[in-house]
Amino acid sequence: MPDRAVTEAGRVGVVGAGTMGVGIAYVFAMAGFEVFVVEPGAKAAARAWAILKETAAGAVSRAKMTAERAEASLSHIRMIEGASELPDELDVVIETVPERRDLKMQVLAEIADRAPRLIATNTSAMSINDLAGAVRDPARFLGMHFFNPVWSLKLVEVVRGAKTSADSVERAQALASAIGKATAVVADSPGFATSRLDLVQALEAIRMVEEGVASPEDIDRAITIAYRHPVGPLRLSDMVGLDVRLDIARQLAGTIGPHFAPPRLLQDMVARGELGQKSGKGFYDWATETTNRNAG
Ligand code: NAD
């Protein structure tokens with residue numbers, strides 16, 4: 001059973017234990033929340049659990065937390081197979097399934113059946129007003145857009161739909177604050193603030209590689225040193241996933257305008273299965289690099 005401290009921090013659900021879901025589950029667990037993680041795939045669930053343990057062990061080895069605290073926090077994460085198994089009235093349930101409208105609509109409807117106090121989607125670019133059609137009380141629905149790797153990046157972009165209540169925005173901000181994150185509140189518009197701005201630079205960098213302006217390494221080196229970005233646009237694209245970049249570019253090309261149309265090089269790389277860090281190859285060869293699991 002959860003101890004007193006965990007019960008007081010709150011109870012959250014995370015639906016979809018991929019890149020983002022694992023990171024979000026981790027930061028809530030380490031902040032003392034009880035966390036229910038929904039992942040239907042047995043292989044994905046085992047992988048998620050291995051990453052959670054490995055990340056906590058890394059934090060312990062760097063003296064960021066004690067072994068006892070890591071163990072206690074991990075013991076308050078429950079893996080379950082379907083959203084219908086979530087307890088009723090959790091403080092928040094965050095949807096982190098792949099960026100496909102039909103799937104998100106179905107999962108959000110299942111989450112709404114559990115009547116959580118707040119329902120959040122981690123979508124990178126989909127319309128909150130559109131997705132709100134899946135839930136019975138859109139006043140309790142909004143976007144909580146986390147960044148990868150979740151344990152290092154301190155922003156949660158809170159995306160307010162037309163029907164989201166002020167109380168829900170405040171709840172989302174309080175939850176973000178409880179896990180040590182800052183928030184930026186934005187209205188629902190394609191790509192919000194972050195995905196829209198980030199994609200402009202990434203697509204332009206990909207076009208520059210395509211045109212032979214410079215190598216990925218030189219483009220990234222120029223941006224990181226000249227403008228003090230911690231990571232260049234091509235390395236970041238590899239970390240995000242080139243398939244994720246392609247999905248968002250297609251969405252924004254359809255909603256904002258053709259300047260977001262994906263370059264041919266990006267489409268070809270995804271078609272070849274070069275998805276970046278997760279597949280081992282993208283603009284960089286990740287098989288020869290150690291992954292960046294620098295948990296706080
Ligand atoms: P991912 O493909 O790594 O993980 C998605 C997970 O959802 C998988 O483990 C899959 O098995 C699981 N899933 C599929 N159907 C499910 C269902 N019905 N119920 C429960 N789980 C199910 O995807 P990701 O990169 O973590 O992205 C998830 C969301 O977060 C997307 O909307 C994406 O746009 C957004 N996002 C991604 C990033 C990033 O850097 N990858 C950053 C911010 C936001």
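**Figure 1. Thr 164 in the loop between β7 and α7 of the predicted model****.** Thr 164 is buried because its relative accessible area of 12% falls under the 20% cut-off. In this predicted model, the residue belongs to the loop that joins β7 (155-160) to α7 (166-178). Two polar contacts of its side chain are shown. One leads from the side chain of Thr 164 to the backbone oxygen of Phe 141, at 2.7 Å. The other pairs a polar atom of the Thr 164 side chain with the backbone nitrogen of Gly 161, at 2.8 Å. When neighbours within four places in sequence are left aside, Thr 164 is in contact with Pro 138, Ala 139, Phe 141, Leu 142 and Val 169. Phe 141 thus appears both as a partner of the Thr 164 side chain through its backbone oxygen and in this list of contacts.

**Figure 2. Ser 152 in the loop between β6 and β7****.** The loop shown here connects β6 (141-145) with β7, and Ser 152 is found in it. Is Ser 152 buried or partly exposed? Its relative accessibility is 24%, so Ser 152 counts as partly exposed. For orientation, Ser 189 is also marked: 37 residues separate Ser 152 and Ser 189 along the chain, and their C-alpha atoms are 26 Å apart.

**Figure 3. The ligand and the residues around it****.** The ligand is surrounded by 23 residues, and the closest of them are Met 20, Glu 39, Glu 99, Lys 104 and Ser 124. By type, the shell consists of eleven nonpolar, nine polar and three charged residues. Helices α2 (19-30) and α5 (101-113) each contribute at least two residues to the shell. The largest share, three residues, is supplied by α5.

**Figure 4. Polar atoms of the protein beside the ligand****.** Which residue places a polar side-chain atom 2.6 Å from an oxygen atom of the ligand? That residue is Glu 39. Met 20 approaches through its backbone, with an N or O atom 2.8 Å from a ligand oxygen. At Val 240, a polar backbone atom lies 3.3 Å from a nitrogen atom of the ligand. Taken alone, the ligand exposes 840 Å², of which the protein buries 83%.

**Figure 5. The two domains of the chain****.** The chain is divided into domain 1, covering residues 11-187, and domain 2, covering residues 194-287. Their C-alpha centres are 26 Å apart. Where the domains meet, ten residues of domain 1 are in contact with eight residues of domain 2.

**Figure 6. Thr 224 in helix α9****.** Thr 224 has its place in α9, the helix formed by residues 216-226. With a relative accessibility of 22%, Thr 224 counts as partly exposed, because this value is not under the 20% cut-off for a buried residue. A polar atom of the Thr 224 side chain lies 2.9 Å from the backbone oxygen of Asp 220. Not counting residues up to four places away in sequence, Thr 224 touches His 229, Pro 230, Val 231 and Gly 232. The C-alpha atom of Thr 255, a residue 31 places along the chain from Thr 224, is separated from that of Thr 224 by 30 Å.

**Figure 7. Helix α10 and its surroundings****.** Six of the eight residues of α10 are buried, so this helix is largely enclosed by the rest of the structure. The buried residues are Pro 233, Leu 234, Leu 236, Ser 237, Asp 238 and Met 239. They pack against α8 (194-210), α9 and α11 (242-255). Gly 241 follows α10 and has a positive phi, near 110°.

**Figure 8. Ser 237 within helix α10****.** Ser 237 is found in α10, which spans residues 233-240. Its relative accessibility is 0%, so Ser 237 counts as buried. A polar atom of the Ser 237 side chain lies 2.7 Å from the backbone oxygen of Pro 233. Apart from neighbours within four places in sequence, Ser 237 is in contact with Ala 202, Leu 242 and Arg 245.

How values were computed. Residues numbered from 1 in each chain as written. Predicted model: local features only at pLDDT ≥ 70, side-chain atom pairs only at ≥ 80, totals over all residues. Heavy atoms only, no water. Near = heavy atom within 4 Å. Polar contact = N/O pair within 3.5 Å; in protein donor to acceptor, adjacent residues only side chain to side chain. Areas by Shrake-Rupley, 256 points an atom, 1.4 Å probe, with all protein chains shown as cover. Helix = DSSP H or I, 4+ residues; strand = E, 2+ residues; numbered from the N terminus. Nonpolar A, V, L, I, M, F, W, Y, C, P; charged D, E, K, R; others polar. Buried < 20%, exposed > 50% of the residue type's maximum accessible area, 1.4 Å probe, protein only. Contact = heavy atoms within 4.5 Å. Domains from an automatic or database assignment.
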